[in-house]
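Work through the exercises below with the model open in your viewer. Try each task before reading its solution.

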Amino acid sequence: MARVGLSTERLVRAGAELADEIGFELVTASELARRFDVKVASLYSHVKNSQDLKTRISLFALEELADRAADAIAGRAGKDALVAFANVYRDYGRDHPGRAAAARMRLDPETAAASAGVRHAQMTRAILRGYDLTEPDATHAVRLLGSVFHGYASLESAGGFSHSAPDSEETWTRILDALDALLRNWPTEPTP
């Protein structure tokens, strides 16, 4: 019988908070059970194992991030939408480093297809429509933006920019200006 007070949703939320505290890679069912002062077996009515817990945290983080991104870009277009979208990713990475790592977890194809990751791609493509990119360039641009947003947030949260000038905020602003300029002037032919 499931322990009173435990639910899958409560465990996933607590797992996400734990990921932000100790790092997503260190989250296990055992560590989460210690937080609730219960035996690990008490969790197995709600999650199968540590891998299932991590998958659920990943799905939670993807959904949470997609909701924030959708709110941020609503009614915006062009560079304004790009900056709002990028800032959501950066802020999420700073405020929730464990969840941000969880959102990048590799999911099996079926789980990924049913996740909020699809919404992320749809929002990115909606922003890119304002730049008149067609396939395959739109896919290249989606990958570029994801790499920049996640990469910058990861490096910044690890302190990678804290020991040199200029300030990382200034660099972020310049990067977004450069991305906007690149997207407006996307090369038409690949470089040989």
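UniProt positions are given here in the numbering of this model, feature names are shortened, and annotations may be inferred rather than shown by experiment. The model is predicted: local features need pLDDT of at least 70, side-chain atom pairs count only at pLDDT 80 or more, and totals for chains, interfaces and linings use all residues. Residues are numbered from 1 along each chain as its sequence is written, and side-chain values use heavy atoms, with hydrogens and water left out.

**Exercise 1. Annotated spans**

Task: Locate the spans named in the UniProt record and describe their secondary structure.

Solution.
- Step 1. Take the whole chain. It has nine helices and zero strands. Helices (H or I, at least four residues) and strands (E, at least two) are DSSP runs, numbered from the N terminus.
- Step 2. Find the domain. The unreviewed UniProt entry places "domain: HTH tetR-type" on residues 5-65. That span is 64% helix and 0% strand. Its end C-alpha atoms are 26 Å apart.
- Step 3. Find the second annotation. In the unreviewed UniProt entry, "DNA-binding region" covers residues 28-47. Here the helix share is 40%, with 0% strand, and the end C-alpha atoms lie 11 Å apart.
- Step 4. Frame the chain. Along the principal axes, its C-alpha atoms fill a box of roughly 60 × 40 × 35 Å.

**Exercise 2. Backbone outliers**

Task: Find the cis peptide bonds and a positive phi in a residue other than glycine.

Solution.
- Step 1. Recall the background. Most residues other than glycine have a negative phi, and most peptide bonds are trans.
- Step 2. Check omega. The bond from E135 to P136 is cis, with omega near 0°. P136 sits in the loop between α7 and α8.
- Step 3. Check further along. The bond from A165 to P166 is also cis, with omega near 0°. P166 belongs to the loop between α8 and α9.
- Step 4. Check phi. D37 has a positive value, near 55°. D37 is in the loop between α2 (29-36) and α3.

**Exercise 3. The largest pocket**

Task: Which elements give two or more residues to the lining of the largest pocket?

Solution.
- Step 1. Set the terms. On a 1 Å grid over the protein atoms alone, a cavity is a set of points where a 1.4 Å probe fits but cannot get out; a pocket is an open set with protein on both sides within 12 Å along at least five of seven lines. Lining residues have an atom within 4 Å of a point. Points are joined across faces, edges and corners, and a volume is the space filled by probe spheres set on them.
- Step 2. Get the volume. The largest pocket has about 460 Å³.
- Step 3. List the centre. Of its 21 lining residues, L62, A103, G117, H120 and H150 are closest to the centre.
- Step 4. Name the elements. They are α3 (50-73), α4 (78-95), α7 (117-129) and α8 (137-157). α8 gives the most, with six residues.
- Step 5. Sort by class. The lining has 12 nonpolar (Ala, Val, Leu, Ile, Met, Phe, Trp, Tyr, Cys and Pro), three charged (Asp, Glu, Lys and Arg) and six polar residues (the others, Gly among them).

**Exercise 4. The enclosed space**

Task: Describe the largest cavity and its lining.

Solution.
- Step 1. Count. The structure holds one cavity of 30 Å³ or more.
- Step 2. Size it. The volume of the largest cavity is about 60 Å³.
- Step 3. Read the lining. Among its residues are L65, Y89, Y92, R104, F149 and H150.
- Step 4. Assign elements. α4 and α8 each supply at least two lining residues.
- Step 5. Sort by class. Six are nonpolar, two polar and one charged.
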